[in-house]
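Colleague: Could you take me on a close look at the cysteines in this model, one by one, and tell me which are bonded and which are not? If there is room, please add a word on any enclosed space.

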Amino acid sequence: AESTRKFMELVQELRELQEEQLHAIIMEEITSPQDMEQKDRLQKNVRKVLLDALSLVGKKDALKVIQQLMGNNKVTDDECELLLTGASLSIHPCPESVNNMLEIVKCPRCEGSQQVRKSAWLSLGTMVHGLLSERKNGQLNKSLPEDREMAVQMQHRYSQELISCFENAQSDDDDEKLMCLKAIGNAGLEDTVDRLQDIIS
């Protein structure tokens with residue numbers, strides 16, 4: 001119980017930092033996985049706890065830091081998966097954070113690893129759903145544009161991106177297609193389902 005309380009305090013402290021402070025702390029503390037091979041168990045544990053906490057910060061600043069950790073190859077594929085999944089479930093839904101995740105799904109790190117790519121696409125679908133679905137009790141307020149037409153354009157853009165994932169999958173790559181279908185399912189966009197029926201038939 002004490003360790004859980006301390007962990008939640010760490011998440012809260014990270015949440016209260018400005019983007020530059022969060023970036024500086026994480027980039028200093030998280031070294032490349034190769035460096036970790038020489039570290040002792042305590043240092044490896046500190047790394048795991050810090051990454052777990054970062055995944056739960058729930059701010060777009062944290063997602064930017066995760067993006068940089070991935071770009072600098074400071075996290076393993078397993079750690080990427082944990083960070084992206086945690087961030088997609090904890091983040092405050094806003095267009096900027098969804099756009100960040102769109103950048104992540106197209107980054108070289110995702111291109112080079114099926115595990116990371118799958119996690120990124122599924123996380124994107126979850127975040128799109130979080131942003132565009134109707135707000136439920138207990139859910140965070142969404143930061144959708146007030147302008148209805150802009151909101152519809154965003155929905156269309158995200159739908160296009162998710163469909164392109166499916167269309168760009170190699171015809172013989174069933175795993176990739178299944179991943180895209182799951183991401184589309186996570187997003188829950190009705191117009192995407194209609195487009196999919198056209199593509200499949």
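**The cysteines, and a cavity**

Modeller: Happily! Let's begin with cysteine 165, which is buried, its relative accessible area being 7%. Please keep in mind that the model is predicted. The partner of cysteine 165 is cysteine 180: the two form a disulfide, with 2.1 Å between their sulfur atoms. That is inside the 2.5 Å cut-off used for calling a disulfide. The two ends of the link sit in helices, cysteine 165 in helix H10 (residues 148-168) and cysteine 180 in helix H11 (residues 174-187), so the pair ties together parts that are 15 residues apart in sequence. If you look along the S-S bond of cysteine 165 and cysteine 180, the torsion is about -75 degrees, which makes this disulfide left-handed. Like its partner, cysteine 180 falls in the buried class, here with a relative accessibility of 0%. Buried means under 20% relative accessible area, so the 7% of cysteine 165 qualifies too.

The structure holds 1 disulfide, which brings us to cysteines outside that pair. Take cysteine 80: the closest cysteine sulfur belongs to cysteine 110, and at 7.5 Å from the sulfur of cysteine 80 that is too far for a bond. Cysteine 80 is also buried, with 0% relative accessibility. Cysteine 107 is in no disulfide either, although the sulfur of cysteine 110, the nearest one to it, is 4.0 Å away. The reason is the cut-off again: a disulfide needs sulfur atoms within 2.5 Å. At 18% relative accessibility, cysteine 107 still counts as buried, because the limit is 20%.

Now for the enclosed space you asked about. The structure holds 1 cavity of 30 Å³ or more, and the volume of the largest cavity is about 30 Å³. Its lining is made by Leu54, Ser55, Gly58, Lys59, Ala62, Leu63, Ile66, Ala87, Ser90 and Ile91. Three elements give two or more residues each to that lining: helix H4 (41-55), helix H5 (60-71) and helix H6 (77-90). Of these, H5 supplies the largest share, 3 residues. By class, the lining of the largest cavity divides into 6 nonpolar residues, 3 polar and 1 charged. Lys59 is on the lining list, and Lys belongs to the charged class.

How values were computed. Residues are numbered from 1 along each chain as its sequence is written. This is a predicted model: local features need pLDDT of at least 70, side-chain atom pairs count only at pLDDT 80 or more; totals for chains, interfaces and linings use all residues. Side-chain values use heavy atoms; hydrogens and water are left out. Helices (H or I, at least four residues) and strands (E, at least two) are DSSP runs, numbered from the N terminus. Buried means under 20% relative accessible area, exposed over 50%, partly exposed in between (1.4 Å probe, protein chains only). On a 1 Å grid over the protein atoms alone, a cavity is a set of points where a 1.4 Å probe fits but cannot get out, and a pocket is an open set with protein on both sides within 12 Å along at least five of seven lines; lining residues have an atom within 4 Å of a point. Grid points are joined across faces, edges and corners, and a volume is the space filled by probe spheres set on the points.
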